[in-house]
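Please find below my comments on the model, set out point by point for reading alongside the coordinates. They begin with the sheets and then move on to the helices, a pocket and the backbone.

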Amino acid sequence: MENKKILIIEDEKSISDIIKFNLTREGFGVETAYNGKTGLEQALAGAPDLILLDVMLPLMDGFEVCRRIRESSSVPILMLTAKEEEVDKVLGLELGADDYITKPFGMRELIARIKANLRRADLVGELKDEPANLQEFGNLSIDMNRYEALKNGKALELTLREFELLKYLAERENRVFSREQLLEEVWGYEYYGDIRTVDVTVRRLREKLEDDSSDPQYIMTKRGIGYYFRRP
Ligand code: CA
């Protein structure tokens, strides 16, 4: 994790300072911005490896900053949320945030999240150079190496997380996984995280993948247990 650069966009200086102190101690390079507008500029100009982004910010809120960064960059973004309504909004909007953490959070949890998101980004970067590994599931084909999925020959616009969930389930056809298992295996968290994240990601994946998301043919629900992939 050395040499990784983290941009903290957080207007509360006491929070920003303590995060900076801890990340520096972990060996990260750290930059800070105290409002949304400057944060956006630094995000686009400074090429950070990961961004910690507060929601309530002066000049431009974190949702807008996230949306603007995503117009040109796939840098991992971890949103810092203060209220339940903000969590709902992060989950409910197609903002493109990779993850969120709710205040107050512990530094160990924050650092674990940062590392998990950086590892994922590295992995995806490496996989892009791999040869294609196309697997067919009826009308759906998934390139397990290159993070691409096609339905009836047409590419699906999946986020990284949606793809990873699809890949994980499809590689284990007909096996049922609980939300907790999926959070651990696909998101890479051990104890942290919110199982609603899994439900929201399944819902979005179905909307993109299924002909009728209310009558799914690929990503199935096992009532009271979890989810599984089946070949239609
Ligand atoms: Ca704030």
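Two strands are taken to pair if DSSP finds at least two bridges between them. The points below all concern a predicted model.

1. The sheet of 3 strands is a convenient starting place: it is open, its order is β10-β12-β11, and its pairing is antiparallel. Because β10 and β11 stand at the edges with a single partner strand each, one side of each is left without a neighbour in the sheet. Helix α6 packs on this sheet and touches β10, β11 and β12, with a direction that makes about 70° with that of β12. Helix α8 also packs on the sheet, where it touches β11 and β12, and its direction makes about 140° with that of β11.

2. The pairings within this sheet can be followed residue by residue. Strand β11, which covers residues 219–222, runs antiparallel to β12 and is joined to β12 by 4 bridges; within this pairing, Ile 219 stands opposite Phe 229 of β12. On the β10 side, 2 bridges join residues 177–178 to the antiparallel strand β12, which covers residues 226–229, and here Phe 177 has Tyr 227 as its bridge partner in β12.

3. What is notable about the hairpin of β11 and β12, and which residue takes a positive phi there? The hairpin has 3 residues between its strands, and Gly 224 takes a positive phi near 75°.

4. The other sheet to examine is an open one of 5 strands, in the order β2-β1-β3-β4-β5 and with parallel pairing. Its edge strands are β2 (29–33) and β5 (99–102), each of which pairs on one side only, and the twist from one strand to the next averages 20°. Between β1 (residues 5–9) and β2 the parallel pairing extends over 5 bridges, with Thr 32 in β2 as the bridge partner of Ile 8. Helix α3, formed by residues 62–70, lies across β1, β3 (50–54) and β4 (77–81), and runs at about 175° to β4.

5. Two packed helices are described by the angle between their axes and the distance between the axes. For α7 and α8 (residues 196–209), the axes come within 9 Å and cross at roughly 80°, which means that α7 is roughly perpendicular to α8. In this contact Arg 179, Leu 182, Leu 183 and Trp 187 of α7 meet Thr 197, Val 198, Asp 199 and Thr 201 of α8, and by class the contact residues divide into 4 nonpolar, 2 polar and 2 charged.

6. The axes of α5 and α6 come within 12 Å and cross at roughly 75°, so α5 is roughly perpendicular to α6. Asn 117, Arg 120 and Val 124 in α5 meet Leu 160, Arg 161 and Glu 164 in α6; the residues of this contact divide into 2 nonpolar, 1 polar and 3 charged.

7. Which helices supply the lining of the second largest pocket with at least two residues each? They are α5 (107–127), α6 (160–170) and α7 (179–187), and the largest share, 4 residues, comes from α5. The pocket has a volume of about 240 Å³ and is lined by 14 residues, of which Leu 123, Tyr 147, Glu 164, Glu 185 and Val 186 lie nearest its centre. By class the lining has 6 nonpolar, 1 polar and 7 charged residues. A reader comparing this point with the previous one will find Glu 164 named in both, as one of the α6 residues that meet α5 and as one of the residues nearest the pocket centre.

8. Two backbone details deserve a look in the coordinates. Most residues other than glycine have a negative phi, and most peptide bonds are trans. Tyr 147, however, has a positive phi of about 60° although it is not a glycine; this residue lies in the loop between β7 (140–143) and β8 (148–151), and Tyr 147 is also among the residues nearest the centre of the second largest pocket. The other detail is the cis peptide bond that joins Lys 103 and Pro 104, for which omega is about -5°; Pro 104 has its place in the loop between β5 and α5. Strand β5, on one side of that loop, is an edge strand of the parallel sheet, while α5, on the other, contributes 4 residues to the pocket lining.

Methods:
Residues are numbered from 1 along each chain as its sequence is written. This is a predicted model: local features need pLDDT of at least 70, side-chain atom pairs count only at pLDDT 80 or more; totals for chains, interfaces and linings use all residues. Side-chain values use heavy atoms; hydrogens and water are left out. On a 1 Å grid over the protein atoms alone, a cavity is a set of points where a 1.4 Å probe fits but cannot get out, and a pocket is an open set with protein on both sides within 12 Å along at least five of seven lines; lining residues have an atom within 4 Å of a point. Grid points are joined across faces, edges and corners, and a volume is the space filled by probe spheres set on the points. Ala, Val, Leu, Ile, Met, Phe, Trp, Tyr, Cys and Pro count as nonpolar, Asp, Glu, Lys and Arg as charged, and the others, Gly among them, as polar. Axes are lines fitted to C-alpha atoms, for helices over the stretch in contact, and angles run from 0 to 180 degrees between N-to-C directions. Angles under 35 degrees count as roughly parallel, over 145 as roughly antiparallel, 65 to 115 as roughly perpendicular and the rest as oblique. Contact means heavy atoms within 4.5 Å.
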